[in-house]
Amino acid sequence: MLTKFETKSNRIKGLSFHSKRPWILASLHSGVIQLWDYRMGTLIDRFDEHDGPVRGVHFHKSQPLFVSEMTTRLKFGTTNCTGVCLHFLLGHLDYIRTVQFHHEYPWIVSASDDQTICIWNWQSRTCISVLTGHNHYVMCASFHPKEDLVASASLDQTVRVWDIGVLKKKTVSPADGTPRLSQMNTDLFGSIDAVVKYVLEGHDRGVNWASFHPTLPLIVSGADDRQVKLWRINDTKAWEVDTLRGHMNNVSCVLFHAKHDIIVSNSEGKSIRVWDVMKRTGIQTFRREHDRFWILAAHPEVNLLAAGHDSGMIVFKLERERPVFSVSGDTMFYAKDRFLRFFEFSTQRDVQVIPIRQPGSTSLNQGPRPLSYSPTENAVLVCSDVDGGSYELYVIPKDCFGRGDAAQEAKRGPGGSAVFIARNRFAVIDKSSNQVLVQNLKNEIVKKSALPIATDAIFYAGTGNLLCRAEDRVLIFDLQQRMVLGDLQIPFLKYVVWSNDMERVALLSKHTIVIASKSLVHQGTLHETIRVKSGAWDENGVFIYTTLNHIKYFLPNGDSGIIRTLDVPVYITKVFGNKIFYLDRDGKSNAIVIDATEYMFKLSLMRKRYDHVMNMIRSSQLVGQAMIAYLQQKRFPEVALYFGNIQTAVASAKEIDEKDHWYRLGVEALRQGNVGIVEYAYQRTKNFERLSFLYLITGNMDKLSKMLKIAEVKNDVMGQFHNALYLGDAREHVKTLENAGHLHLAYITASVHGLHDAAGRLAAEFGDDAPSLPEGKISSLLMPPTPILCGGDWPLLNVSRGIFQSGMDSVVSGAADEKEEEADEVDWGEDLDLADARNIENGDIAAVLEDEKVPEENEEVGGWDLEDLELPPEENTPRTNARTSAFVAPTPGMSVSQIWIQRSSLAAEHGAAGNFDTAMRLLIRQLGIKNVAPLRPMFLNLHAGSHTYLHAVSSALVISMAVERGWNESASPNIRGPPAFVFNFSQLEEKLKAGYRTTTAGKLSEALCLFLSILHTIPLTVVESRREADEVKELIIIVKEYVLGLKMELKRSEMRDDPVRQQELAAYFTHCNLQMPQLRLALLNAMTVSYKAKNLITAASFARRLLETNPTNETQAKPARQTLQAAERNMTDAAQLNYDFRNPFVVCGAMYVPIYRGQKDVTCPYCSSHFIPNVVGQLCNVCELSIVGADASGLLCSPQIR
């Protein structure tokens, strides 16, 4: 079993895979339905509307719908972002067991404890048929994947096959009217549209499950008699084929595999069994120690299975789907369908070579694993896990290519890993003696070499060299000299990919890629949150790799990025230019074209190929904020200016030609002060109001007058009014008000602005009703100031020539000729220095250049009266190029602090480097930390402790020097070590012991401070080994129990007026996982409090627990015995407590109430304290750092664990 995804939850009774997306629905016994992305391992959504256990759930094949049972109702809902319940289907009288959509028609079949099976039309939301005949609970019912049949299993010990052909015909071509008598018969005696075709009897007890074969006329059933039965059906009869025995308890579910001829069954005996359909024998058995299995589900398209058990579910495969291959130059050998195939990349010729004979085995997952090829001898080594590990050696004749039917006699031998190390030599590992056996093509041992470490696999590492893998490290071993050439500690290695020149190697783990040199000198590490599947080097030294859903790149400097998204996982075999060759899971070789511009641009920047950078800027569409931010981060701001080209945005907006894009372009151009483009964008969107205001603020009165005329033509009264107001044209203002019918306002405006003729004319129209103006008031005219100068584009910043303009010199000089030499004496356009463009504004520089005239060679320039000097003839002296003689400052190197940040995903190392921002981001992602205040002094101490400060001379600045951990004089200056830390694990152990002592001494406040200090220090502590990392995680659990208990005890001491609550808190304290001395004190304290409050039963339980610890101190044992004797005489409790010592529970860290087993709770992602669901999103009261219920990847405290 290859587990791909696993969850922890309450008992799961129903599972369903989505046919297209990587989703799975899980229905829980607690009434919750969870929607998981099993590829990313994330919970997408949860549905809490059910009142009781949910036993059945199913995805629709093509619609975004799923159906679930809700006691006696079917709940029919959507799987979109809202998760809305569309309808409830009512009809069953008892609990519903299973539900399923029909693959073609809008039907749902449901099985119920009311001994019936119902078929529903989910579009009309009605029950269209009721199937009766079982005389006990119907445990499951399912449609046939192709035919008009339904299979049902019941506790009446039968499996029934129903024919629903009449129902289908009735649905496809319904009659004009349904007789009322037929409907009455259906209600009284069951459906007449579905009849029993077969009744399969053979089980001795109730049948729990029955499933159809996807293609063959077979049915499999499982029952409480612990048997799995195989049935065959035809058009006239059905009979039992065989019985599969082996389960030790009730068989709860059984089904056929979608891709292979196998049966998978699970049982309440805590096991999953796999059976061969043809041989009818067991192949494999998978067991769990404590969990009973209840349900199985098979993916309809992919080789995936899922099983639900008492504490969650697992998504798994029965065998690997990764194709095995070996690439040599332009050719590749790979295994597919028990055949060895040959593929040529240049011609894409794919031929079958020879069949691969595998030893007979009844186990799964025994296909070929690694493949090794010797091109000179045309020999192939095929390894497998059969019989504990074996290999087969095939020497392929040249005439076999294209035939594929000539069976070759293979030379076999034991060994889990075998690779070619020379032309006619291969190495095989002997794990029992930890030796490498070097053998020739005759399969004869010619040499034996002991390995320096306990090795479980070997890989090719050059001629005569092996790369040996141990649990957490790899090394290169020279077989000739028998010496170690390189050693590197990495996570568990899965695949090795060498570059074409064998100078670098990519070491692929489950979630990590490590790049190293041929001597295993570390060069870079990349961590992925999802599985790394494959990788290959391109001809430029860039590592291209795939994950479950992406093709990505990894540059030599540590930068990475996404090339494209994948629908299904692929396995890269070769990279040629912008073409990637790959094998899919079916073993088919294909090619995909990618856009390599982004990573080639970054690679050219890294290698300082500035001519390539400039060419890519001009010829490609590398735009976007991400690329600009990358250039600014890498200290190339002058290149980033090319990507902020507003002219390119104008061209793009013309092609798109949508109003929203023009508006956004106008906003950005206004931010940059490019008035011309703002005006053009407003004109394209006909945004006349913004255009008028633009002319106002830039002082363009001519165009503002034109806007007034446009408003008159459009009969836009408000536009006329505003434009007249902007222009300060009082007559136009009065005219607009008069035409709009506001005569009184027109008269007042004319009078205030001194337009007596207009005011008199309007007064004559009013007669005696003319409005009166206030007397004694001095009027102030609403006149905008007259602009002195019309504003234009904002001036550009003058910048000096950068390295990229200098880099273009090499492009120009690369095509040098006589004309190019003449161009050195003038200011050529390609070498235009932006520092000379002082008076050029934000317009087009090309237009300015066209207006300027360059004087001809013989043309006189006026203003200077220069006389010819009589000088001797010019000697042939070498001419100096002014541009190349200029001093170019060297590129600053990378500081040690930056190296720490680049190499590590540990928050402590980022904090030591002084990059607190990224350190906190790591802590948020790993532990869900929100409260920064307790960590602030830790960060400052961490940074100060990893640096030292030197005084060179009294007048100079202080020099900061990074302090490296483990530095010595023999260390290479080019290899930087990790930072030195002020916090270490031994300090935490000392604090833990001090906390124990203060707790025993009764100094609870002091002890609480010590334990909290440990919790706050652990996120910034780094340990070296996996063992120490496990001890740190164990320390968190220990400390959080003490913090929780001490906080409850301090809370109890404050509650003098509530004796009941005091007893509860004292009782909860005894259920914290304390050390024995402190646990005895807590039990003694709780016993004393309960006895004083007359709760004798509770006090007796504490006394028994105290005596069970065998206390050596008589001052503790004697009161316990006396309390137990007193309580046995009067077993009563004076007050009822929220405390049941018989029912296991954990204590909520916020409300200090018990959370009994089976109740819903949430946990802190850091300290794993439990809380009631209402506390989700609040700060953890125990560690005082993290958010309760936040998603987090987990603590990372060791460079050995990624």
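The following exchange goes through several labels used for this predicted model and asks what each one rests on.

User: What makes S110 count as buried, and where does S110 lie?
Analyst: S110 has its place in strand β11, residues 107-112. Its relative accessibility is 0%, and buried means under 20%, so S110 counts as buried.

User: How do you know that the side chain of S110 makes a polar contact with the side chain of W120?
Analyst: The distance given for the side chains of S110 and W120 is 2.9 Å, and a polar contact requires a pair of N or O atoms within 3.5 Å, a limit that the value of 2.9 Å meets.

User: Why is strand β15 called largely enclosed?
Analyst: In β15, which covers residues 149-154, 6 of the 6 residues are buried, and therefore the strand is described as largely enclosed by the rest of the structure. The burial concerns both directions, since L149, A151 and A153 point one way while V150, S152 and S154 point the other way, and all are buried. This fits the general pattern that side chains in a regular strand alternate between the two faces of the sheet.

User: How do you know that β15 pairs with β14 and with β16?
Analyst: Two strands pair if at least two bridges are found between them. Strand β14, residues 138-143, is joined to β15 by 5 bridges in the antiparallel sense, and 5 bridges likewise join β15 to strand β16, residues 158-163, again antiparallel. V150 illustrates both pairings, as it stands opposite F143 of β14 and has W162 as its bridge partner in β16. β14 and β15 form a hairpin with 5 residues between them, whereas the hairpin of β15 and β16 has 3 residues between the strands, with Q157 taking a positive phi near 75°.

User: Which annotation covers residues 131-164, and what is the make-up of that span?
Analyst: The unreviewed UniProt entry carries the annotation "repeat: WD" for several spans, including residues 131-164. In the model, this span is 0% helix and 59% strand, and its end C-alpha atoms lie 10 Å apart.

User: Why are β1 and β26 said to stand at the edges of their sheet?
Analyst: The sheet is open and has 4 strands in the order β1-β28-β27-β26, with antiparallel pairing. Since β1 (2-8) and β26 (293-298) each have a single partner strand, one side of each is left without a neighbour in the sheet. Within this sheet, β27 and β28 pair over 5 bridges, and L305 stands opposite F316 in β28.

User: What makes T749 buried although its relative accessibility is not zero?
Analyst: T749, in helix α14 (residues 743-752), has a relative accessibility of 12%, and the cut-off for buried is under 20%, so T749 counts as buried. Leaving aside neighbours within four places in sequence, T749 is in contact with H733, V734 and L737. A polar atom of its side chain also lies 2.7 Å from the backbone oxygen of L745.

User: What covers the buried residues of helix α13, and how do you know that D729 caps this helix?
Analyst: In α13, residues 730-739, the buried residues are A730, E732, H733, V734, T736 and L737, and their cover includes α11 (701-713), α12 (717-727) and α14. As for the cap, a side-chain oxygen of D729 lies 3.4 Å from the backbone nitrogen of R731 at the N-terminal end of α13, which meets the limit of within 3.5 Å for a polar contact. Just after α13, G741 takes a positive phi of about 90°.

Notes: Residues are numbered from 1 along each chain as its sequence is written. This is a predicted model: local features need pLDDT of at least 70, side-chain atom pairs count only at pLDDT 80 or more; totals for chains, interfaces and linings use all residues. Side-chain values use heavy atoms; hydrogens and water are left out. Helices (H or I, at least four residues) and strands (E, at least two) are DSSP runs, numbered from the N terminus. Buried means under 20% relative accessible area, exposed over 50%, partly exposed in between (1.4 Å probe, protein chains only). A polar contact is a pair of N or O atoms within 3.5 Å; within protein, one must be able to donate a hydrogen and the other to accept it, and residues adjacent in sequence count only if both atoms are side-chain atoms. Contact means heavy atoms within 4.5 Å. UniProt positions are given in the numbering used here, feature names are shortened, and annotations may be inferred rather than shown by experiment.
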